[in-house]
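Reader: Hi! I'm new to this one, could you walk me through it?
Author: Happy to, let's take a look together.

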Amino acid sequence: MTAIPQSNTGFDAEILSSTALQAFFNLTARWGLSSAQERVLLGSPPESTFFKWKSEKTARRLGRDTLERISYLLGIARALGELLPSPRAADEWVKKPNAAPLFHGHSALERMLGGSLIDLAEVRRYLDAQRGL
């Protein structure tokens, strides 16, 4: 019997990667995002890789950057779920114009689509501040 390969975190890389992708695609479906938007949020992986992930909802091993991006997005979704009165309001918030200085009248999604990991981190920090964290 062969041992399951594990990352240095003690988690099985394929299970972690596949679970992260499933959560990501479930979230982006709720938000009504296009494949092009999803690719940007994931860090612009090659099209063939992205569409394989999307069709199979699995991956052998996602890179650290991709996992961090998904983690930020899931944290954003969780914060919105705590801040807003309904799942629908939380899902719609990402596309609504926002007067907060961070967004300059644009939506959080527009900010996140800047493509940088920092863009995701800034939205997450903003929401954490709104929660008092």
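Reader: Let's start with Ser44. Is Ser44 buried, exposed or partly exposed?
Author: Ser44 counts as partly exposed, because its relative accessibility is 45%, and the bounds for that class are 20% and 50%. Keep in mind that this is a predicted model.

Reader: Where does Ser44 lie?
Author: Ser44 sits in the loop that runs between helix H2 (35-41) and helix H3 (47-56).

Reader: And what is the phi of Ser44?
Author: Ser44 is not a glycine, yet its phi is positive, at about 60°. As background, most residues other than glycine have a negative phi.

Reader: Which place does Lys57 have?
Author: Lys57 is in the loop between H3 and helix H4 (64-83). Lys57 is not a glycine either, and it has a positive phi of about 55°. With 30% relative accessibility, Lys57 counts as partly exposed.

Reader: Thanks! Stepping back, how many helices and strands are in the protein?
Author: The protein has seven helices and zero strands. Reading from the N terminus, the order of elements is α-α-α-α-α-α-α.

Reader: How compact is the protein for its length?
Author: The protein is as compact as a globular protein of that length, because its radius of gyration is 16 Å and the globule rule gives a close value, 14 Å, for 133 residues. Along the principal axes, its C-alpha atoms fill a box of roughly 55 × 30 × 25 Å.

Reader: What share of the residues is buried?
Author: Of the 133 residues, 36% count as buried. The accessible surface of the protein is about 7800 Å², and carbon and sulfur atoms account for 55% of that surface.

Reader: Any charges to know about? How many side chains are positive and how many negative?
Author: There are 17 positive and 14 negative side chains in the protein, and the centres of these two sets are 1 Å apart.

Reader: New topic: how many aromatic pairs does the structure hold?
Author: The structure holds six aromatic pairs. One of them is Trp93 with Tyr126: the ring centres are 6.5 Å apart and the planes meet at 15°, so this pair is stacked.

Reader: Which helices do Trp93 and Tyr126 lie in?
Author: Trp93 is in helix H5 (residues 87-93) and Tyr126 is in helix H7 (residues 117-130), so the pair ties together parts that are 33 residues apart in sequence. Trp93 itself counts as buried, because its relative accessibility is 15% and the limit is under 20%.

Reader: What about Phe103 and Tyr126, how are their rings arranged?
Author: The ring centres of Phe103 and Tyr126 are 5.1 Å apart with planes at 85°, so that pair is edge-to-face. This pair also links distant parts of the chain, 23 residues apart, with Phe103 in the loop between H5 and helix H6 (108-112) and Tyr126 in helix H7. Phe103 is buried, at a relative accessible area of 3%.

Reader: Nice. Which residues form an aromatic cluster?
Author: Phe24, Phe25, Phe50 and Phe51 form one aromatic cluster.

Reader: Last one: where is Leu16 found?
Author: Leu16 is found in helix H1 (residues 13-31). Leu16 is partly exposed, with a relative accessible area of 35%. Its C-alpha atom is separated by 9.0 Å from that of Ala59, although the two residues are 43 apart along the chain.

Terms used: Residues numbered from 1 in each chain as written. Predicted model: local features only at pLDDT ≥ 70, side-chain atom pairs only at ≥ 80, totals over all residues. Heavy atoms only, no water. Helix = DSSP H or I, 4+ residues; strand = E, 2+ residues; numbered from the N terminus. Rg over C-alpha atoms; globule rule 2.2 N^0.38 Å. Buried < 20%, exposed > 50% of the residue type's maximum accessible area, 1.4 Å probe, protein only. Areas by Shrake-Rupley, 256 points an atom, 1.4 Å probe, with all protein chains shown as cover. Lys, Arg positive; Asp, Glu negative; His and termini not counted. Charge placed at Lys NZ, Arg CZ, Asp CG, Glu CD. Phe/Tyr/Trp six-rings, centres within 6.5 Å; stacked < 30°, edge-to-face > 60°.
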